[in-house]
Amino acid sequence: VKQLTIVSKDGNAYLQAMLRNHAWLIELIEYGAGLPLSPETKRLMEALSRSAASEFATLSKMEKS
């Protein structure tokens, strides 16, 4: 059975939690970019970072509307 790790009674609380999670993910990826990793790993992390940043922007727009 799959369950959300963030249980909220309203969409706004869930949205704020997801914004925090995406911000943490972006910070973690930026930290990892400074580590001595293989080029393939860095490429994958950059792609993940772009995806997370795009989702973060979308969630931010949803929060403002």
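Helix α2 has 26 residues, and because each residue is expected to add 1.5 Å, the helix should span 38 Å, which agrees with the 37 Å between its end C-alpha atoms. The expected span used here is 1.5 Å times one less than the number of residues in the helix. The model is a predicted one, in which local features need pLDDT of at least 70 and side-chain atom pairs count only at pLDDT 80 or more, while totals for chains, interfaces and linings use all residues. Residues are numbered from 1 along each chain as its sequence is written, and side-chain values use heavy atoms, with hydrogens and water left out.

The protein chain as a whole contains 2 helices and 0 strands, where helices (H or I, at least four residues) and strands (E, at least two) are DSSP runs numbered from the N terminus. The other helix, α1, covers residues 11-33, and its 23 residues should span 33 Å at 1.5 Å a residue, in agreement with the 33 Å that separates its end C-alpha atoms.

How do the two helices sit with respect to each other? The buried residues of α1 pack against α2, which runs over residues 39-64, and the buried residues of α2 in turn pack against α1. Here buried means under 20% relative accessible area, exposed means over 50%, and partly exposed lies in between, with a 1.4 Å probe and protein chains only. On the α1 side the buried residues are L15, A17, L19, H22, I26, I29 and G32, and on the α2 side they are M45, S49, A52, L59 and S60. Of the 65 residues of the protein chain, 20% count as buried.

Two of these residues let the reader look at the packing in detail. H22, in helix α1, counts as buried because its relative accessibility is 8%. Leaving aside residues up to four places away in sequence, H22 touches A52, E55, F56 and L59, a contact being heavy atoms within 4.5 Å. A52, in helix α2, counts as buried because its relative accessibility is 2%, and with the same sequence neighbours left out it touches H22, L25 and I26. A52 and I26 are 26 residues apart in sequence, yet their C-alpha atoms are 6.6 Å apart in space. Across the protein chain, residues 24 or more positions apart account for 55% of the contacts with a separation of 6 or more.

Turning to the surface, the protein chain has an accessible surface of about 5,300 Å², of which 60% belongs to carbon and sulfur atoms; such areas come from the Shrake-Rupley method with a 1.4 Å probe, and for residues only the protein chains shown count as cover. L28, Y31, L35 and L37 form a nonpolar surface patch with about 390 Å² of accessible area together. Patches consist of residues with over 30% relative accessible area and no salt bridge, with like charges joined within 9 Å and nonpolar side chains (Val, Leu, Ile, Met, Phe, Trp, Tyr) within 5 Å. L37 lies in the loop between α1 and α2 and is partly exposed, its relative accessible area being 32%.

Side chains of opposite charge can pair when their charged atoms come close. The structure holds 1 salt bridge, meaning a side-chain nitrogen of Lys or Arg within 4 Å of a carboxyl oxygen of Asp or Glu. E40 forms a salt bridge with R43, and their closest N and O atoms are 2.7 Å apart. Because E40 and R43 are 3 residues apart in helix α2, they are separated by about one helical turn. E40 is partly exposed at 43% relative accessibility, and R43 is partly exposed with a relative accessible area of 45%.
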